[in-house]
Amino acid sequence: MKRYKICVIEGDGIGKEVIPETVRVLENLGDFQFIKEYAGYECFKRYGDAIPERTIETAKECDAILFGAVTTPKPHELEGKIYRSPILTLRRELDLYANIRPISNFRDIDFIIIRENTEGLYVGREYYNPYTEEAVAERVISKKGCYRIVKFAFEYALKHHRKKVTCVHKANVLRITDGLFLKIFYQVSEDYKKYNIETNDYLVDATAMYMVKDPKIFDVIVTTNLFGDILSDEASGLIGGLGLAPSANIGDKYGLFEPVHGSAPDIAGKGIANPLASILSGAMMLYYLGMKKESKILRMAVKSVVEKGYTTPDLGGNLKTKEVTDKVIEEVRRYSEVLL
């Protein structure tokens, strides 16, 4: 078995708790060289940069990146210094244009949100016009960006035997930007008709309602950056919260894997952070590396732990972070005896 190099960035807050637990699980599933690097607010306070160039270079040299969570400082805390978001920087530097967020409760809810990851309002083009007293943000939607994320969504559906791809947009109001996104969606969909993949589209506000009312109607959702960010957090509420929400950031050359949750400073250091979202992100990383059996085993282990109630307080359990990890490792070893 190949030895994979993994760049490990714990970040801030509970990132420093859940990422080491994920590493502990992964050590039971393969041969990895974990290379620790730094990013986040603590890194900024220590080194004057929230994501040093060394971290970026190490990330580029590794087979995958495992990322925790970072604390975003308030503007007044920066004292005029420039703070660049570590995760947005990595997405741009590594061109991680596809964000994959599985929404699954291991039972009856099972759909995927695929979000464009490098454009939209998150390009950071903002300015204030003192003459008109207006703050303006530019929303960038390119033909290239639309095409590659839509194609990625259809290829994902094809590869994972999904039956439907839904485009989520606001083209009735954002006629030029989302109009382009919707137009390219249906153009690309023509190439996949022969695979019997169903296509449809919803406005983003309607999607939010349908997601709460009847989430089973969704299979694969493809959407723009901000809409995908908001909808995926909403969707996590359907499965118990952000503690069960993993994600992957994928480009043509690199892959970064992270739990959807933030650094949660209110519970950091208490030993009660839910490690399962991070561990499930590790399962996505295994699949990305071609370790499909190991990825399946890890998902089965997490499913078993949740079903048995071996969880942290956010999911109704009473176990500590490390205790949940211990239970996952027990299940990993049990399934590995059968499947490996």
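Which residue is the bridge partner of I65 in strand 12? The bridge partner of I65 in strand 12 is L256, and the sections below place this pair in the predicted model.

## Basis of the model

Because this is a predicted model, local features need pLDDT of at least 70 and side-chain atom pairs count only at pLDDT 80 or more, while totals for chains, interfaces and linings use all residues. Residues are numbered from 1 along each chain as its sequence is written, and side-chain values use heavy atoms, with hydrogens and water left out.

## The sheet and its edges

An open sheet of 10 strands follows the order 2-1-3-12-11-4-5-10-8-9, with mixed pairing; strands (E, at least two residues) and helices (H or I, at least four) are DSSP runs numbered from the N terminus, and two strands pair if DSSP finds at least two bridges between them. Strand 2 (32-37) and strand 9 (198-203) are the edge strands, each having a single partner strand, so one side of each is left without a neighbour in the sheet. From one strand to the next, the twist averages 25 degrees, with axes taken as lines fitted to C-alpha atoms (for helices over the stretch in contact) and angles running from 0 to 180 degrees between N-to-C directions.

Helix 7 (residues 204-213) lies across strand 5 (110-116), strand 8 (164-169), strand 9 and strand 10 (220-223), and runs at about 105 degrees to strand 9.

## Strand 3 and its partners

Strand 3 (residues 64-69) runs parallel to strand 12 (residues 255-259), to which 2 bridges join it, and 5 bridges join strand 3 to strand 1 (residues 4-11), again in parallel. L66 stands opposite V8, and in strand 12 the bridge partner of L66 is F257. Strand 3 is mostly covered, with 6 of its 6 residues buried, where buried means under 20% relative accessible area, exposed over 50% and partly exposed in between (1.4 Å probe, protein chains only).

G255 is found in strand 12 and counts as buried at 1% relative accessibility. Leaving out residues up to four places away in sequence, G255 touches A64, I65, L96, N249, I250 and Y288, a contact being heavy atoms within 4.5 Å. G255 and L289 are 34 residues apart in sequence, and their C-alpha atoms are 9.1 Å apart in space.

## Nonpolar cores

The largest nonpolar core (buried Ala, Val, Leu, Ile, Met, Phe, Trp, Tyr and Cys residues joined through side-chain atoms within 4.5 Å) has 78 residues, and those with the most contacts inside it are I6, F111, V165, L298 and V328. Helix 5 (residues 143-159) gives the most to this core, with 8 residues. Apart from this core lies another, of 16 residues, including C62, F67, I87 and L90.

Beyond four places in sequence, L298 touches V25, L26, L29, I279, G282, A283, L286, V328 and V332.

## The largest pocket

About 880 Å³ of space lies in the largest pocket. On a 1 Å grid over the protein atoms alone, a pocket is an open set of points where a 1.4 Å probe fits, with protein on both sides within 12 Å along at least five of seven lines, and lining residues have an atom within 4 Å of a point.

Of the 30 residues that line this pocket, Y156, H160, M284, Y287 and S295 are the closest to its centre. Helix 10 (292-307) is among the elements that each supply at least two residues of the lining, and helix 10 gives the most, with 6 residues.

Note on methods: Grid points are joined across faces, edges and corners, and a volume is the space filled by probe spheres set on the points.
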